[in-house]
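Please open the structure in your viewer and keep the selection panel at hand. The tour below proceeds from one selection to the next.

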Amino acid sequence: MLLEQLKIELKIYLRQPLYLLFSVIMPAISFGIFGSIYKDASYGGLDFFTAYIPGFCVIILFATGVFNVANQVVSERERGIYRRLSVTPVSMFRVMCVLVLKVFLVSVLSFMLILLLAYFVFDITPPALWSFIPAFLGTVIVALVFGFTFGALFDETAKFSAVGMAIFTPLMLLSDATLPLQIMPEYLKTIAQINPLYRLNLLLRAAWDPAAHAVSGGVLLESAAVLVVLLGAISTAAYLRWKA
């Protein structure tokens with residue numbers, strides 16, 4: 001039953017080309033374009049791929065785990081789907097598990113596409129897959145929780161779209177996954193310290209190539225603490241909003 005429901009969810013997903021475009025195709029295209037342009041560039045002593053492959057993974061996590069999940073939660077809540085399901089034998093837990101599995105599979109697919117492009121087009125071999133794959137899978141879960149909880153704060157798609165774009169745009173710009181944070185003013189660098197996408201980027205960079213990035217244990221613990229505090233705050237707000 002779970003697999004049948006997952007199959008239906010994936011079919012619906014594939015019928016929405018914009019979701020597929022932004023969560024799977026666009027990150028790969030962007031990676032190919034920027035890799036071709038900046039493959040010989042260096043950033044703080046690191047080559048382009050060492051610095052920015054984790055960044056592209058953050059973009060994938062944002063597009064699939066945060067934005068798409070939140071948008072689906074708001075859309076289905078607005079249409080009363082969850083309210084109708086609550087009076088049927090269908091388990092809400094199973095519904096949420098299917099959504100998690102769908103986004104998880106799409107995230108892994110997009111991630112694999114980036115790795116295949118890096119290997120076959122740019123001859124880049126991941127230096128520490130043993131640490132990066134568990135880190136990536138863990139950050140997918142974190143992104144999913146952010147997506148669920150943020151979506152639970154809204155009951156109208158229009159409100160979500162307006163507030164979401166106002167919040168997500170600066171989050172992406174200050175994640176160090178698009179524009180280099182080092183070129184920005186000091187006050188923006190300070191704000192970036194509480195940006196969950198920037199913290200996810202730090203964790204993924206440390207896992208991609210621990211020797212090259214040399215991120216201290218203190219920074220990793222600080223990043224984990226920031227993510228836990230933000231998740232706790234938004235989860236509490238989402239729970240109170242959902243029950244209201």
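Across the whole of this predicted model, a search finds 1 cavity of 30 Å³ or more. The volume of the largest cavity is about 40 Å³.

To display its walls, select Tyr13, Tyr19, Asn68, Val69, Gln72, Leu99, Lys102 and Val103, which line the largest cavity. Which elements give two or more residues to this lining? They are α3 and α5, the latter spanning 92-120. Colouring the selection by residue class shows a lining of 5 nonpolar, 2 polar and 1 charged residues.

Next, keep helix α3 in view by selecting residues 48-78, and add helix α7, residues 157-173. These two helices pack with their axes 10 Å apart, at an angle of about 165°. Because angles over 145 degrees count as roughly antiparallel, α3 is described as roughly antiparallel to α7. Is the crossing of α3 and α7 left-handed or right-handed? The crossing is right-handed.

Now show the side chains where the two helices meet. On α3, select Ile59, Phe62, Val66, Phe67, Ala70, Asn71, Val74, Ser75 and Glu78, which make the contact from that helix. On α7, select their partners in the contact: Thr157, Phe160, Met165, Phe168 and Met172. How do the residues of this contact divide into nonpolar, polar and charged? The contact of α3 with α7 comprises 10 nonpolar, 3 polar and 1 charged residues.

As a last view, display α3 with both sets of residues: α3 gives two or more residues to the lining of the largest cavity, and α3 also packs with α7.

Technical notes
Residues numbered from 1 in each chain as written. Predicted model: local features only at pLDDT ≥ 70, side-chain atom pairs only at ≥ 80, totals over all residues. Heavy atoms only, no water. Axes fitted to C-alpha atoms, helices over the stretch in contact; angles between N-to-C directions. Helix = DSSP H or I, 4+ residues; strand = E, 2+ residues; numbered from the N terminus. Parallel < 35°, antiparallel > 145°, perpendicular 65-115°, else oblique. Left-handed = near helix turned anticlockwise from the far one by under 90°. Contact = heavy atoms within 4.5 Å. Nonpolar A, V, L, I, M, F, W, Y, C, P; charged D, E, K, R; others polar. 1 Å grid on protein atoms, 1.4 Å probe; cavity = no way out; pocket = protein on both sides within 12 Å on 5 of 7 lines; lining within 4 Å. Points joined across faces, edges and corners; volume = space filled by probe spheres on them.
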